[in-house]
Amino acid sequence: MVNFESYTPTRVVFGKGTESQVGELIRAQGGTKVLVHFGGRSAKASGLLDRVLTALDQAGLPHVELGGVVPNPRLSKVREGIELARREGVDFLLAVGGGSVIDSSKAIGYGTGYQGDVWDFYSGKAKPAACLPVGCVLTISAAGSEMSNSSVITNEESWEKRGCNSDLCRPRFAVMNPELTYSLPAYQTASGCVDILSHTIERYFSGPETVEPTDSMAEGLLRTVLDAAPRAVRKPDDYEARAAIMWAGSLSHNGLTGCGRGGEGRVGDWSCHQLEHELSGMFDVTHGAGLAAVWGAWSRYVMDAAPARFARFARNVMGVADQGDDTKTALAGIAAFEDFLRSIHMPTNIHELGVDLTDEQIDELTWKCTFYGKRDIGSFKVLKAEDIKAVYRLAR
């Protein structure tokens with residue numbers, strides 16, 4: 001087990017009706033004027049936004065609102081939020097929604113006090129030095145942004161999707177009421193579950209080493225989501241399934257499942273996320289579905305780096321009987337995971353996303369994925385440009 005630091009400062013307020021506490025929670029953080037950031041019609045139609053605004057009014061907190069966040073949140077909306085926050089003298093950001101809304105709020109938090117363009121943080125030109133405090137009312141179990149240090153934004157001028165990681169943006173609190181996820185369509189529920197699984201898998205496959213406490217927790221989280229996801233898809237108001245998914249989503253991306261694994265800068269492989277970011281940047285596909293589409297191809301391509309690691313995943317997570325050989329067991333585990341994806345109506349290749357990649361598009365995706373020839377990706381098996389192309393070809 002290598003040296004590590006664990007930092008998870010987010011206060012979690014979990015359970016039915018907890019959204020009524022947002023005013024008190026913001027007051028406790030010193031907030032005096034709030035920008036309420038949200039997505040589209042559902043926050044209004046469900047009555048959630050009204051309940052949140054009422055809670056702020058009862059706490060005596062003035063507020064302004066900015067809606068319109070879309071999946072794969074846009075840089076233009078972030079810039080709009082920065083202008084609004086500056087003009088109104090906002091000192092606290094409240095995200096009411098899922099990962100896209102929270103990521104957009106984090107970006108607004110970075111940009112409000114910054115003299116340059118907020119995209120500098122996502123393009124790697126600058127590192128954040130400050131962030132307005134962010135809190136959230138979670139409505140989608142998926143991204144884990146409610147407890148993470150990450151934010152991902154899409155620049156619609158170049159159709160690049162880029163992330164920025166800094167502990168400065170970790171939410172001060174996360175209000176999590178599983179009932180708020182009942183109305184999600186089955187496809188969105190399933191996509192979110194894949195994203196949760198992927199956040200754990202990316203860390204689990206950071207390298208071949210075994211870190212038993214962390215590995216066992218990761219395997220338990222994975223089994224929990226594998227069990228709960230079909231139940232939530234079949235019965236949207238299954239509170240226990242929704243609660244299990246929501247809490248697993250937070251634990252999967254707050255850093256816990258990477259503790260002790262990998263060296264500095266390598267706590268996670270993240271190849272599938274990097275491959276998918278380019279897909280959703282170019283084609284605007286749903287993030288979880290995109291992850292599902294590339295995972296099998298990536299797994300088969302990198303498995304030879306440490307078949308025993310994939311064999312452990314097969315036995316301990318997928319319940320596959322030992323095949324007498326690590327490679328055979330590993331391949332059976334990969335196939336079993338793909339069967340699970342099909343069972344919740346997720347794609348297992350890019351064609352099933354509705355995208356038929358040309359060789360030219362693969363070249364463009366690869367060029368962007370390498371940050372225009374400046375980087376390789378992955379740690380379980382380092383992928384150079386030709387490897388990235390090979391995975392895209394296998395996945396299409």
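**Getting to know a predicted fold**

Author: Welcome! In this structure, H10 and H14 are oblique to each other. The model is a predicted one.

Reader: At what angle do helix H10 and helix H14 pack?

Author: Two packed helices are described by the distance between their axes and by the angle between them. For helix H10 (residues 271–283) and helix H14 (residues 359–369), the axes are 9 Å apart and the angle is about 120°.

Reader: Which residues of H14 make the contact with H10?

Author: The crossing of the pair, H10 and H14, is right-handed. From H10, the contact takes Gln 274, Leu 275, Glu 278, Leu 279, Met 282 and Phe 283. H14 answers with Gln 361, Glu 364, Leu 365, Lys 368 and Cys 369.

Reader: How many nonpolar residues does the contact of H10 with H14 have?

Author: Sorting the residues of this contact by class gives 3 charged and 2 polar ones. The nonpolar class of the H10 and H14 contact holds 6.

Reader: Let me step back to the whole chain. How many helices and strands does the secondary structure come to?

Author: The C-alpha atoms of the chain fill a box of roughly 65 × 45 × 45 Å along the principal axes. Within the chain, the secondary structure comes to 15 helices and 8 strands.

Reader: What radius of gyration does the chain have, beside that of a compact globule?

Author: A compact globule of 396 residues would have a radius of gyration near 21 Å. The chain agrees with that expectation, because its own radius of gyration is 20 Å.

Reader: In what order do the strands of the open sheet come?

Author: The open sheet is formed by 6 strands, and their pairing is parallel. Its edge strands are E1 (11–14) and E3 (63–66), each pairing on one side only. The twist from one strand to the next averages 15°. Read across the sheet, the order is E1-E8-E5-E4-E2-E3.

Reader: Which residue in E3 stands opposite Val 34?

Author: Strand E2 (residues 34–38) runs parallel to E3, and 4 bridges join the two. Opposite Val 34, the residue in E3 is His 63.

Reader: Which strands does helix H4 touch as it packs on the sheet?

Author: Helix H3 (residues 48–58) lies across E2, E3, strand E4 (92–97) and strand E5 (134–138), at about 170° to E2. Helix H4 (residues 75–88) packs on the sheet too, its direction making about 165° with that of E3. The strands that H4 touches are E2 and E3.

Reader: Do E6 and E7 run parallel or antiparallel, and which residue in the turn has a positive phi?

Author: Strand E6 (residues 150–155) and strand E7 (residues 160–165) run antiparallel and are joined by 6 bridges. One bridge pairs Asn 155 with Glu 160 in E7. The two strands form a hairpin with 4 residues between them, and the turn residue with a positive phi, about 55°, is Trp 159.

Reader: How do H8 and H9 lie, and is their crossing left-handed or right-handed?

Author: The axes of helix H8 (residues 212–234) and helix H9 (residues 239–252) come within 9 Å and cross at roughly 140°. That angle makes H8 oblique to H9. As for its hand, the crossing of H8 and H9 is left-handed.

Reader: How many residues in the contact of H8 with H9 are nonpolar?

Author: H8 brings residues including Leu 221, Val 225 and Arg 231, while H9 brings, among others, Glu 240, Ile 245 and Ser 252. Of the residues in this contact, 2 are polar and 3 are charged, and the number of nonpolar ones is 10.

Reader: How many charged residues does the contact of H7 with H11 have?

Author: The axes of helix H7 (residues 186–204) and helix H11 (residues 287–302) come within 7 Å and cross at roughly 60°, and the two helices are therefore oblique to each other. Among the contact residues are Tyr 187 and Asp 195 of H7, and His 287 and Trp 295 of H11. The contact has 7 nonpolar and 4 polar residues, and the charged count is 1.

Reader: Which residues does Ala 336 touch, leaving out those up to four places away in sequence?

Author: Ala 336 lies in helix H13 (residues 326–343). Gly 319 is 17 residues away from Ala 336 in sequence and 8.8 Å away in space, C-alpha to C-alpha. With residues up to four places away left out, Ala 336 touches Met 318 and Val 320.

Note on methods:
Residues are numbered from 1 along each chain as its sequence is written. This is a predicted model: local features need pLDDT of at least 70, side-chain atom pairs count only at pLDDT 80 or more; totals for chains, interfaces and linings use all residues. Side-chain values use heavy atoms; hydrogens and water are left out. Axes are lines fitted to C-alpha atoms, for helices over the stretch in contact, and angles run from 0 to 180 degrees between N-to-C directions. Angles under 35 degrees count as roughly parallel, over 145 as roughly antiparallel, 65 to 115 as roughly perpendicular and the rest as oblique. A crossing is left-handed if the near helix is turned anticlockwise from the far one by less than a right angle, and right-handed if clockwise. Contact means heavy atoms within 4.5 Å. Ala, Val, Leu, Ile, Met, Phe, Trp, Tyr, Cys and Pro count as nonpolar, Asp, Glu, Lys and Arg as charged, and the others, Gly among them, as polar. Two strands pair if DSSP finds at least two bridges between them. The radius of gyration is taken over C-alpha atoms; the globule rule is 2.2 Å times the number of residues to the power 0.38.
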